[in-house]
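Colleague: Please pick one part of this model and take me through it closely. I'd like to hear what sits around it and how the chain gets there and away again.

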Amino acid sequence: MKTTPENEKPQQDVDSAGVSVGGRCRVRTCGPCRVKPRDSQNVALASYEACASDESARGQIGRKLHRDCTHLARVLAALLFSAFLTACGGGGSSIPEPAPVAASPTAPAPSVPIVGVHIVAFGDSTQAAQGNPHAASRPGWTIENKGISGSSTAQWLARWSNELAATSAPIVVYNGGLNDGGLTIEEYRHALRELVRITRAYRKQIILEQPNNADATGDIVLATFIERRAAVGFVASSEGVYYCAQPDVPLRDGIHPTDVGYATKAVRLAACIEGILK
């Protein structure tokens, strides 16, 4: 019977990675896996503990890297899955859909054809004097002139809804201001805004035409009229509607244009309308 000497230790089977197979050592070590020696073997003990400490530190670093990599992989997977759902249009996203964008007030509503256009013009005497059909009419489109001499913006506002209900014209022109001396500048602006609001309710486009110039010889308070003339452009800009600025024209009585002046106004209005139809 073969005996093992007392001082002879059993051999440990060690795999190629340095992990003990048959002995008590179950950790990966710096070198060959060795059983912890007796305390009396100081040199071997120091070597063993240094190796084990180094292996423990490397294990902690490895575990941290593993956790970090796992977290990063989960984040990337979530992002890729979200992008996939977005591309497919599904997934029940909690991001609200953008509100429908209202049609720009400067865009045709309804669509206006270039040929066969019916336009209606309202205003005071400077509009009425342009004839009917209006002098600004061009081949392919006709302007019905409903201007009334001596009328004011407040009067037109009172009948505006009925006027629009009675016409099929998709484009409306308003030119007034000479007879609005009884309104403050704020009241005049409010009246113009109401004209715009009602016109939009009827799904029509409105052109606010600037009143022609005046001078001190006319029967008008010039300072307040100049304010009203500027207010038309202000309201058109703030409301986002078409504005037809008129150049200064020659006048026959300080208020009303001469024939040349009316012809100039008609050419300018025609150009404004053509800008809409393009």
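Modeller: I'll call a residue buried when its relative accessible area is under 20%, exposed when over 50%, and partly exposed in between (1.4 Å probe, protein chains only). By that yardstick, 35% of the chain's 278 residues are buried. Bear in mind that this is a predicted model: local features need pLDDT of at least 70 and side-chain atom pairs pLDDT 80 or more, while totals for chains, interfaces and linings use all residues. Numbering starts from 1 along each chain as its sequence is written, and side-chain values use heavy atoms, leaving out hydrogens and water.

The layout first: six helices and five strands, running α-β-α-β-α-β-α-β-α-β-α from the N terminus on. Helices here are DSSP runs of H or I with at least four residues, strands are runs of E with at least two, and both are numbered from the N terminus.

My pick is β4 (205-209). Five of its five residues are buried, and both faces are covered: Gln205, Ile207 and Glu209 lie on one side, with Ile206 and Leu208 on the other.

Now its partners, where pairing takes at least two DSSP bridges between the strands. β3 (171-175) runs parallel to β4, and four bridges join them. Within that pairing, Ile171 stands opposite Gln205. To get from β3 to β4 the chain passes through α4, making a right-handed β-α-β crossover; that is, with the strands pointing away from the viewer, the path from the first strand over the helix to the second runs clockwise.

β5 (residues 242-244) is also parallel to β4, this time with three bridges. Glu209 has Cys244 as its bridge partner there. The link from β4 to β5 goes through α5 (residues 222-239), and this crossover is right-handed too.

One helix that packs on β4 deserves a look: α3. The buried residues of α3 pack against β4, but also against β1 (117-123), β3 and α4 (185-201), with contact meaning heavy atoms within 4.5 Å. Those buried residues are Thr153, Trp156, Trp160, Glu163 and Leu164. An α-helix has 3.6 residues a turn, so residues three or four places apart point the same way.

α3 covers residues 153-165 and reaches 18 Å from its first C-alpha to its last, close to the expected 18 Å (1.5 Å times one less than its number of residues). Even so, α3 bends by about 55 degrees at Arg159, taken as the angle between axes fitted to the seven residues ending there and the seven starting there.
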